Amino acid sequence: MAIILGIESSCDETSASICINGEIRSNVIATQAIHAKYGGVVPELASRAHQQNIIPTVHEAIRQAKVSKNQIDAVSFTRGPGLLGALLVGTSFAKSFALAQNIPLIDINHMQAHILAHFIEDPKPNFPFLCLTVSGGHTQIVLVKDYFEMELLGETLDDAAGEAFDKTAKILNLPYPGGPLIDKYAKDGNPNAYRLPEPQIPGLNFSFSGLKTAILYLVQDQLKLNPDFLTDNMADLCASVQSRIVSILLNKLKKAAKETGVKDIAIAGGVSANSGLRQSLIEMGEKYNWRVFIPKFDYCTDNAAMIAIAGYHKFLKKDFVGQDVAPMARMHL
């Protein structure tokens, strides 16, 4: 029996999870509400909140899994990428726990973990599969050949999709976090109400900065004509913005599928919780005869279950690190 404790602290969620023989038994997440008043994540405040939350979060994860700390066989933790101060809290705790319990330490790449969240529950994709990974600061198309053999086919050249949602929300005067609110308003709007540009970026790379600028100019011009433009047209604006971001993502994913011939297609990361993206991917999968894999909402945003399942597969390979390991704000796939 292999019991893995997973710890996630890359941004503004403190999370702990217990994985027993590849089965997630607990996944506890402490969300930091303090950042809402500042309109975005404040790194120093995130680090302090992680320090306050990490011990009770780990304790609760162990309690819910009905195991004791002495039964844990290894600790897996997010090494990067992420906010360095936040990562330092999780890394330091993991190192201390592993040292105190005399058990192995397993470092996890946060972006790989988002992809491996697909192995938490059935159905699971077959290797090789394509994964569109869309989290707050990353937008990537990855060819997944094995659990830890991944090839980056394309990525964003500027803003990520999550940043495009959040920056657009600021333009529309929506509170942080804006992505879920755009999704909410979009359900009642017309996605064709406003024509927004689709950047023509070669290959499989992405760009969202031009779209953000086009939205800003649209809003500024319309507000000159009608001061109540945002209030009167919020649903249509959100639907149009969401539709364009989703089309940018899925058109590149379709191109990647055509170039590679891969039929197992997955999405991962926080933006994969967006209802428009999920529904559009399902429809595209039916059109092109893909096997589509979409994670549960619990495993889309930052969570320790994905760190624990990644740690479990590294544990089977005996892929451990020493006490000299340090967090990395930037970490390649």
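Which residues have the most contacts inside the largest nonpolar core? The points below take up that matter first and then turn to the annotated site and the backbone.

1. In this predicted model, the largest nonpolar core comprises 46 residues, and those with the most contacts inside it are L132, F208, I245 and L249. The elements that give two or more residues to this core are strand 6 (129-134), strand 7 (139-146), helix 4 (161-171), helix 5 (178-186), helix 6 (209-225), helix 7 (229-260), strand 9 (264-268) and helix 8 (275-288). Helix 7 supplies the largest share, with 15 residues. In soluble globular proteins, nonpolar side chains tend to be buried together.

2. I245 may serve as an example of the packing in this core. Apart from residues up to four places away in sequence, I245 touches A161, A164, F165, F208 and L211. A second core, separate from the one above, has 30 residues, and M306, I309, A310 and F315 are included in it.

3. The UniProt record, an unreviewed entry, lists H110, H114 and D302 under "binding site". These positions span 193 residues in sequence, yet no two of their C-alpha atoms are more than 8.7 Å apart, so they gather at one spot. The annotation itself comes from the record, whereas the distance is computed from the model.

4. H110 is placed in helix 3, which covers residues 110-116. Its relative accessibility is 4%, and because the threshold for burial is under 20%, H110 counts as buried. When neighbours within four places in sequence are left aside, H110 is in contact with E8, S10, T78, G80, P81, D302 and M306. One of these partners, D302, is itself among the positions listed in the record.

5. H114 also lies in helix 3. With a relative accessible area of 1%, H114 is buried. Its contacts, not counting residues up to four places away in sequence, are T133, S135, A268, G269, G270, C300, T301, D302 and M306. D302 and M306 therefore appear in the contact lists of both H110 and H114, where contact means heavy atoms within 4.5 Å. M306 is also included in the second core.

6. Two cis peptide bonds deserve inspection of the backbone. The bond from D122 to P123 is cis, with omega near -5°, and the bond from F127 to P128 is cis, with omega near -10°. P123 is located in the loop between helix 3 and strand 6, and P128 is in the loop between helix 3 and strand 6 as well. Most residues other than glycine have a negative phi, and most peptide bonds are trans.

7. Positive phi values are a further backbone matter. N173 has a positive phi of about 60° although it is not a glycine. This residue sits in the loop between helix 4 and helix 5, and at 61% relative accessibility N173 counts as exposed. For N21, phi is near 50°, again a positive value in a residue other than glycine. N21 is partly exposed, with a relative accessible area of 41%.

8. The setting of N21 is the loop between strand 2 (13-20) and strand 3 (23-31). Strand 2 and strand 3 form a hairpin with two residues between them, and N21 is in the turn. The two strands pair in the antiparallel sense over eight bridges. T14 has A30 in strand 3 as its bridge partner.

Key:
Residues are numbered from 1 along each chain as its sequence is written. This is a predicted model: local features need pLDDT of at least 70, side-chain atom pairs count only at pLDDT 80 or more; totals for chains, interfaces and linings use all residues. Side-chain values use heavy atoms; hydrogens and water are left out. A nonpolar core is a set of buried Ala, Val, Leu, Ile, Met, Phe, Trp, Tyr and Cys residues joined through side-chain atoms within 4.5 Å. Buried means under 20% relative accessible area, exposed over 50%, partly exposed in between (1.4 Å probe, protein chains only). Helices (H or I, at least four residues) and strands (E, at least two) are DSSP runs, numbered from the N terminus. UniProt positions are given in the numbering used here, feature names are shortened, and annotations may be inferred rather than shown by experiment. Two strands pair if DSSP finds at least two bridges between them.
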